[in-house]
Amino acid sequence: MSKRIWGRSRLFRRKSGTVPLPRSPLHQSLALGTRLVLAGSLLLVITSAVLRVFDFSHPGDYGEGPVLAMAERMGGEAVSHEWLDRAPYTLSCYGPGYYWVVGAAAAVSPWPHTLIAGRLVSLLATLATAGLIGWIVRRHTGRVELALTGALIYLVSPIVHSWATPHRVDPLAVLFATAAYAAITARRGGVVTSAACVVIGSLVKQTVAFCAVPIFLYLLFSARYRAAMTYALLVATGGAAAWFALDRAGGGYFLATAIRGNLGSLLPTQGL
C-alpha cells in the first residue's frame, strides 16, 4: 500500500501515459541554482583552457613540434615516400585526418605557421566531445543538471585537462570515437553513421578502429544480428578502402609510418 501511495504522490496517470507532477517553486529554484553553478563552472574551465592555448611561458608539450612540421609540409607539397628516404625527414605515426583539419584551420586563422591553430583544433574537439557527452546524458536521463555534470566531469578529469590543448591528434580522435558510440543508438542511420565515424576517425588515429569491437558486441548482445554484420562489413570495407587509397596516393608513405613507425622499425636517425 505504501508503494502505491508513494507512486501516486510522484506521478499521476492520464490516457496519454505517465506524466510527472509539477515541481514546487523551491524545487525549481534549487534546480535553476544548480544549473547556474554548473554552467559557471564550465565557463571557468573553458576559459582556463582557452588561455592555455596561448600560453608559451612553459616548454612545449612533447610531440607538438613534429605534428606541426607534418601539418606544415602537407600544406606545401604532396605526401611522398621520399619523406622517409632522404632529408629533411618528415614522419608521422598517424593518418592524415588531423593534419587536414589543422591545415584548413591555419588557412583561415590569423596565426598560420604556429602551434595555435592546432591547439585550437584540439580544444574545439575536446569541447565538442564534452558537449556530446552532455547530450547523451540529457537524452537518457532527461536532466539538464546531469548533462552539465557529465560534461564538467569530462573536462576536469586529469587526462583530458592534460591533452585538451596541445597540438596533438588525440582530442580529435576521441571526438570521432565518442560520436561512433553515440550514433549507434540512433533510431535511423545509426549503423552507417557510427561506421563512418570509426572509418574517418581511424584516419586521425588508427586506434579509433578498435571502437568498432564493443559496438559490434553491443549489436550482437541486443540480438541485432543483421545490423551487427552490416556494421562489421561497413567498417572493414570502408577502412580498408580509405587506407588503401591514401597509401596509394602517398606512394606507400602512410602505411609505412602508421605500421612500421608504431612498431619502432624505422631508423632512430629518421626521428622514430
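In the predicted model, Asp 170 is buried, with a relative accessibility of 15%. This residue forms a salt bridge with Lys 205, and the closest N and O atoms of the pair are 2.5 Å apart. Asp 170 belongs to helix H9 (residues 170-183), whereas Lys 205 lies in the loop between helix H10 (190-204) and helix H11 (212-221), so the salt bridge ties together parts that are 35 residues apart in sequence.

Across the whole structure, the search identified 6 salt bridges. Pairs of this kind can arise when side chains of opposite charge bring their charged atoms close. One of them joins Arg 35 to Glu 145, with 3.2 Å between the closest N and O atoms. This pair links distant parts of the chain, as Arg 35 is in helix H2 (residues 25-53) and Glu 145 is in helix H7 (residues 144-156), 110 residues apart. The two partners differ in burial: Arg 35 is partly exposed, with a relative accessible area of 32%, whereas Glu 145 is buried at 6% relative accessibility. Salt bridges with shared partners join Arg 35, Arg 143 and Glu 145 into one network. A further salt bridge is formed by Arg 86 and Glu 82, whose closest N and O atoms are 3.4 Å apart. Arg 86 is partly exposed, at a relative accessible area of 47%, and Glu 82 is also partly exposed, at 46% relative accessibility.

The corresponding search for disulfides returned 0. Cys 93 is buried at 16% relative accessibility, and Cys 211 is buried at 9%.

Helix H2 also contains Ile 46. This residue counts as partly exposed, because its relative accessibility of 29% lies between the limits of 20% for buried and 50% for exposed residues. Leaving aside residues up to four places away in sequence, Ile 46 touches Leu 127 and Leu 155. The C-alpha atoms of Ile 46 and Val 156 are separated by 9.8 Å, although the two residues are 110 residues apart along the chain.

The geometry of helix H3 was examined next. Helix H3 (residues 64-76) comprises 13 residues and, at 1.5 Å a residue, should span 18 Å; the distance of 19 Å between its end C-alpha atoms agrees with this expectation. The buried residues of H3 are Glu 64, Val 67, Leu 68, Met 70, Ala 71, Arg 73 and Met 74.

In helix H11, the buried residues are Ala 212, Ile 215 and Leu 219. Viewed down the axis of H11, these residues fall within an arc of 65°, so they line one face of the helix. In general, an α-helix has 3.6 residues a turn, so residues three or four places apart point the same way. The elements covering the buried residues of H11 include H9, H10 and helix H12 (225-249). After H11 comes Ala 223, which has a positive phi near 65°.

Definitions and conventions. Residues numbered from 1 in each chain as written. Predicted model: local features only at pLDDT ≥ 70, side-chain atom pairs only at ≥ 80, totals over all residues. Heavy atoms only, no water. Salt bridge = Lys/Arg side-chain N within 4 Å of Asp/Glu carboxyl O. Helix = DSSP H or I, 4+ residues; strand = E, 2+ residues; numbered from the N terminus. Buried < 20%, exposed > 50% of the residue type's maximum accessible area, 1.4 Å probe, protein only. Disulfide = S-S within 2.5 Å. Arc of directions from axis to C-beta. Contact = heavy atoms within 4.5 Å. Expected span 1.5 Å × (residues − 1).
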